[in-house]
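Trainee: I'd like a close look at one small part of this structure, taken slowly. Please pick a single spot and then work outwards from there.

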Amino acid sequence: MEKHGMMIITSIIMGLLARIYMIRIDHRQYPSYPQGLVSHLTLGIIAASLGSVALPALMAKEYSAVTFLALAAQQFRDVRNMERQSLDNIEPTELVPRGMAYIEDIAKAFEARNYMVIITSLITSITIYSLNLLRFSTPIQITSGIVMGIISAIVLKKLLRRQVIMEIAEVIPGNIVFDGPLLTVNGVVIMNIGLKVSRKIYVEKGVAVEIIPKDADASATLSNMGQRQAIQHNASAQLGIRKDVDEPDFTPLARRNAENGNIVMAIIPMEPDVNLLIEAVKRTPVLETSKRKPLESKVGYKASLK
Amino acid sequence: MDVGIKESIVAIVTTDRNIVSTSTVPVFYVNTEEQKERLALMVAKVTMGMVHDLQNGAYVVVRH
């Protein structure tokens, strides 16, 4: 045990650092710190320990120890369920809901981050162990372990990085016009607003955007209802929304132009600045669950050439 | 769980008696456009519904 002590401790620390590196506290307020933060850091430590003891256990011919990794995978699946349930439970309390797809995406990200911690710890311990076999001195072993850990954390974070709307589409300002009671943005009908007072507020304070997909893949992705709900949620969460529960007139809706696949959205934010709205829409993540790639199929590619 | 009537017309507000014929949805008759606007707003607030204009003189309140 003693000869592995240093290796295990270094790997646990590297794993934990990787978890901290992946925790993002930003406008989303998710995880809601400090309580969510503590539970995720604790799970991070557990994941790091599992990753770091895997190799020493194998070396000590304790093969049964590896079955604990299976247990760990089960445990982290539960993390996903836990996150999903908690977000599902608060969903009815949101003025503009996140939508099931966004929730699923967040839950998956939490699960994946724990696996990332295990991999980081494992790589750190493998590095230290192999340098130990090659009879390098202890400081060199630890330093290279740390360097490899950092590299793997950075690479894994890059791999897990989500695309944002900006990368798959152009976002331009939209023009709100009423055709009788019909609210239209750049010629696309969004909804029927009966009350004249509501129409007046839309004309005075509303801002709108049009999202133009760059290719057929982007168009299919943006057509997904979950992706559109995520855009609506992000825009209203960041700009603030001028709406209460008894005012369904002001719910932001993203509608699709069936002719060309463009998405239009009108919203009444607390701060009616179209540039800020464009910025918020551009930075909305592309959901993993909504992503479609029709161009990768033979038929889809041929259809795009027409 | 949120249980309630969704995606259906919960009330009709109109100035013209000839354009509605229903025995299931409450109909509110009013005399002027202003009254129609006002009453539709009142009903919408109570039912948490949204007012839609059918452009034939009738407003419908729909819960979404």
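Mentor: Let's go with B:M48, which is partly exposed because 15 other C-beta atoms lie within 10 Å of its own. To place that number, a residue needs 20 or more such neighbours to count as buried, and 12 or fewer to count as exposed. Keep in mind throughout that you are looking at a predicted model.

What is the sign of phi at B:M48? Phi is positive there, about 60°, although B:M48 is not a glycine. As for its place in the chain, B:M48 sits in the loop that links α1 (33-47) to β3 (50-53) of chain B. Coming along the chain, you meet B:M48, with its positive phi near 60°, after α1(B).

Now step back into that helix. α1(B) has 15 residues, and from its first C-alpha to its last it reaches 21 Å, close to the 21 Å expected at 1.5 Å a residue. Which of its residues are buried? They are B:K36, B:A40 and B:A44. Looking down the axis of α1(B), you would find these buried residues within an arc of 60°, so they line one face of the helix. There is a general idea behind this pattern: an α-helix has 3.6 residues a turn, so residues three or four places apart point the same way.

What does that buried face pack against? The buried residues of α1(B) pack against three strands of chain B, namely β1 (8-14), β3 and β4 (58-63). Turn to the other side of α1(B) and you find B:E34, B:K45 and B:V46, which are exposed. Notice that β3(B), one of the strands packed against the helix, is the strand that bounds the loop of B:M48.

Let's widen the view to the chain. Chain B holds one helix and four strands, and if you read from the N terminus on, they run β-β-α-β-β. How does its radius of gyration compare with that of a compact globule? A compact globule of 64 residues would have a radius of gyration near 11 Å, and the 12 Å of chain B agrees with that. Along the principal axes, the C-alpha atoms of chain B fill a box of roughly 40 × 25 × 15 Å. Of the 64 residues in chain B, 27% are buried. If you take the contacts in chain B with a separation of 6 or more, 40% of them come from residues 24 or more positions apart.

Chain B has a partner, so here is how they touch. 13 residues of chain B are in contact with ten residues of chain A. On the chain B side, the elements that give two or more residues are α1 and β3. Sorted by class, that side has six nonpolar, three polar and four charged residues. So our loop joins two elements, α1 and β3 of chain B, and these are the ones named at the contact with chain A.

Crossing over to chain A, you can find another positive phi to set beside B:M48. A:N186 is a residue other than glycine with a phi near 45°. Where is A:N186? Its place is the loop between β3 (182-185) and β4 (188-192) of chain A. With 16 C-beta neighbours inside 10 Å, A:N186 counts as partly exposed. The loop around A:N186 is a turn: β3(A) and β4(A) form a hairpin with two residues between them. Those strands pair in the antiparallel sense over four bridges, and within that pairing A:L182 stands opposite A:N192 in β4(A).

For a contrast in burial, try β5 (residues 207-213) of chain A. Six of its seven residues are buried, so this strand is largely enclosed by the rest of the structure. What are its partners? β1 (residues 169-174) of chain A runs antiparallel to β5(A) and is joined to it by six bridges, with A:V209 of β5(A) as the bridge partner of A:P173. β7 (residues 263-267) of chain A pairs with β5(A) too, in the antiparallel sense over five bridges, and there A:I211 stands opposite A:I263.

To finish where we began: B:M48 is a partly exposed residue with a positive phi, in the loop between α1 and β3 of chain B.

Key: Residues numbered from 1 in each chain as written. Chains lettered and ligands numbered in written order. Predicted model: local features only at pLDDT ≥ 70, side-chain atom pairs only at ≥ 80, totals over all residues. Contact = placed C-beta atoms within 7 Å. Nonpolar A, V, L, I, M, F, W, Y, C, P; charged D, E, K, R; others polar. Expected span 1.5 Å × (residues − 1). Arc of directions from axis to C-beta. Rg over C-alpha atoms; globule rule 2.2 N^0.38 Å. Pairing = 2+ DSSP bridges.
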